[in-house]
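Okay, thanks for making time, everyone. Have a look at what's on the screen, and I'll talk you through it.

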Amino acid sequence: MNKQANVESITDQVLADKVNSLPDEMTPERDLWAGIERAIQAKPQQSTSEFVVDDSKRKYFTPTAWAASVVAAVLVTWLSFSPVEEQVKPLTAQTSEANQPSNKTVVNDELVAMIQNNFTEQRQAMLVSFGQPDLKQLPLKMQTQLTQLAQARLAIEKALQNDKNNVDLLNLLRFTQQQELNLLQQLLPLTGSQAPKWQTI
Amino acid sequence: MNSSQVIDAQNLFASSQEQEWIAQAKQGSQAAFHQLYQLHHKRVYALCWRMLADKDSAEDVCQEVFVVLWQKINNFRGESKFSTWLHSVASNVVLGHLRKQKNWLQRVFSIEDQAGKSQEIEEAIPLDDSSELEELDKHIAKLPERARLVFVLFAVEGYRHEEIANMLNMAVGSSKSQYHRAKSLLKEWLSEDAALGEANE
């Protein structure tokens with residue numbers, strides 16, 4: 001009997017009858033309740049409104065990811081132009097004016113330090129409020145996003161050391177810091193005791 | 001009181017009992033939630049097994065379904081039957097699990113490969129697991145992933161192709177063609193079984 005003849009011997013009706021006679025229930029081999037019970041003790045029920053918030057957070061995550069990409073792209077562009085300035089600096093350093101820091105530079109030193117301290121404090125407060133979670137518990141994709149933003153911030157800080165009067169760089173630093181804080185705020189609820197551990201039960 | 005009235009009364013009692021458990025579970029009662037689990041877990045497991053075609057994954061995902069149910073139970077407003085709503089939650093959890101498990105590239109390869117590997121898959125299903133299964137269930141497990149998902153959702157769970165297309169992020173036409181592919185394969189395999197049975201007699 002060839003394949004076509006085989007198929008014709010079972011009609012749609014026969015197949016439909018077999019589907020209708022399939023058992024509605026199957027019994028799992030292991031006891032699933034113990035794991036579920038443990039998991040729901042760690043997972044509080046959520047109200048409908050909380051789900052709405054979750055959805056909005058999810059919608060917000062994509063723009064943040066885009067922002068991180070934009071920062072990375074701007075930074076790459078910036079750094080690709082920076083060697084030109086570095087070549088100019090040794091020439092200006094020969095003058096006595098360049099050897100002595102001006103008042104403006106001192107003010108900017110303090111401003112950069114203040115921005116950095118402010119960011120560090122905010123970040124630390126955020127981590128403490130979530131019980132100092134291990135960020136390595138986050139999914140790899142999210143860790144990568146965080147790392148990219150952190151690397152972008154460090155690169156901007158490094159660039160600022162060479163060009164302290166650059167307002168654009170200062171703004172870029174504050175923007176990057178804010179993106180990093182925003183991302184952390186979204187991701188921290190996914191770490192620590194609230195992380196989904198029950199799948200491994 | 002005749003037998004049909006007795007059955008009606010029993011159904012009414014069971015339904016009101018379920019409503020009570022749902023209300024208590026919404027208030028955070030794990031005992032009531034356990035009763036709901038006892039009532040529904042075998043149906044949910046059957047759905048997971050048919051969609052995933054793997055015992056271990058089905059057990060894990062079945063657990064995941066009930067943890068999600070615990071979190072989302074406040075979203076159930078009684079506009080449909082609880083079992084219908086629960087099955088839609090379960091279907092979405094299974095599909096979410098599949099999305100997490102495989103990236104699109106792996107899935108493309110598995111779709112193309114699975115049809116040619118039905119024999120291997122049949123051998124891969126442990127005998128002690130498949131021996132108690134219906135003949136049709138064994139064949140459903142051998143279907144390529146997309147065809148299997150469409151077939152189970154359409155023929156067993158009663159979803160419309162428009163709904164399935166939305167759930168699986170595919171065109172309605174693709175859902176219909178996957179369904180026809182699944183039907184053809186199942187009819188072919190069932191016919192082969194019938195021919196073998198006749199030959200043995």
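So, contacts inside chain B: if you take those with a separation of 6 or more, 58% are between residues 24 or more positions apart. Do keep in mind that this is a predicted model. For chain A, that share of the contacts with a separation of 6 or more is 82%, again for residues 24 or more positions apart.

What are these chains built from? Chain B has eleven helices and zero strands, so to speak an unbroken run of α from the N terminus on. Chain A has zero strands too, and its helices number eight. Reading along the sequence of chain A, you just get α after α.

Now, burial. Chain B has 201 residues, and 33% of them count as buried. In chain A, with its 201 residues, the buried share is 14%.

Okay, on to where the two chains touch. How many residues does each chain bring to the contact? Chain B puts in 38 residues, and chain A puts in 34 residues. On the chain B side, the elements giving two or more residues are helix H2 (30-52), helix H3 (55-72), helix H8 (135-142), helix H9 (145-156) and helix H11 (172-200) of chain B. And what is that side made of, by class? The side of chain B that touches chain A has 16 nonpolar residues, along with twelve charged and ten polar ones.

That's my tour. Happy to scroll back to any part of it.

Definitions and conventions: Residues are numbered from 1 along each chain as its sequence is written. Chains are lettered from A and ligands numbered from 1 in the order in which they are written. This is a predicted model: local features need pLDDT of at least 70, side-chain atom pairs count only at pLDDT 80 or more; totals for chains, interfaces and linings use all residues. Helices (H or I, at least four residues) and strands (E, at least two) are DSSP runs, numbered from the N terminus. A residue is buried if 20 or more other C-beta atoms lie within 10 Å of its own, exposed if 12 or fewer, and partly exposed in between; C-beta atoms are placed from the backbone. Two residues are in contact if their C-beta atoms, placed from the backbone, lie within 7 Å. Ala, Val, Leu, Ile, Met, Phe, Trp, Tyr, Cys and Pro count as nonpolar, Asp, Glu, Lys and Arg as charged, and the others, Gly among them, as polar.
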